[in-house]
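User: Hi! Could you walk me through this structure in plain words?
Analyst: Happy to, here it is.
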Amino acid sequence: MTENKIIIPIWKKSNLTVEEAAAYCGIGSRKLREMSDSEFCPFVLWNGSKRLIKRRKLDEYLDNAYSI
């Protein structure tokens, strides 16, 4: 049995796990969780209880941020 698993680079994914987003942007996963806890966070997508980070929205947020 061979498993055909497709591997997509992080920079091509639309939505990232917190761990992938941390590796992508260099922010700690704990800080990303803290930032995305807000109901009005522009870059978080909830899939049930699973938190996904919208990569493009995170990029925009970080481009406009002075500090985090």
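Analyst: One term to begin with: buried means under 20% relative accessible area, exposed means over 50%, and partly exposed lies in between (1.4 Å probe, protein chains only). This is a predicted model, where local features need pLDDT of at least 70, side-chain atom pairs count only at pLDDT 80 or more, and totals for chains, interfaces and linings use all residues. Residues are numbered from 1 along each chain as its sequence is written, and side-chain values use heavy atoms, with hydrogens and water left out.

User: Thanks! Is Ser36 buried or exposed?
Analyst: Ser36 counts as buried because its relative accessibility is 0%.

User: Where is Ser36 found?
Analyst: In the loop between helix H2 (29–35) and E2. Helices (H or I, at least four residues) and strands (E, at least two) are DSSP runs, numbered from the N terminus.

User: And which residues does Ser36 touch?
Analyst: Not counting residues up to four places away in sequence, Ser36 touches Cys41, Phe43, Val44, Trp46, Arg51 and Ile53. Contact here means heavy atoms within 4.5 Å.

User: You list Cys41 there. How many disulfides does the structure hold?
Analyst: Zero. A disulfide would be a pair of cysteine sulfur atoms within 2.5 Å. Cys25 is in no disulfide, and its nearest cysteine sulfur, that of Cys41, is 12 Å away. Cys25 counts as partly exposed, at 24% relative accessibility, while Cys41 is buried with a relative accessible area of 11%.

User: Switching topic: what order do the strands of the sheet have?
Analyst: The order is E1-E3-E2, in an open sheet of three strands with antiparallel pairing. Strands E1 (15–16) and E2 (44–47) stand at the edges with a single partner strand each, so one side of each has no neighbour in the sheet. Two strands pair if DSSP finds at least two bridges between them.

User: How many bridges join E1 and E3?
Analyst: Two, and E1 pairs with E3 (residues 50–54) in the antiparallel sense. Asn15 stands opposite Lys54 in E3.

User: Which helix packs on the sheet?
Analyst: Helix H3 (residues 55–64), which touches E1 and E3 and whose direction makes about 60° with that of E3. For such angles, axes are lines fitted to C-alpha atoms, for helices over the stretch in contact, and values run from 0 to 180 degrees between N-to-C directions.

User: Which residues of H1 are buried?
Analyst: In H1 (residues 18–25), Val18, Glu20, Ala21 and Ala22 are buried. The buried residues of H1 pack against E1, H2, E3 and H3.

User: What comes just after H1?
Analyst: Gly26, which takes a positive phi of about 80°.
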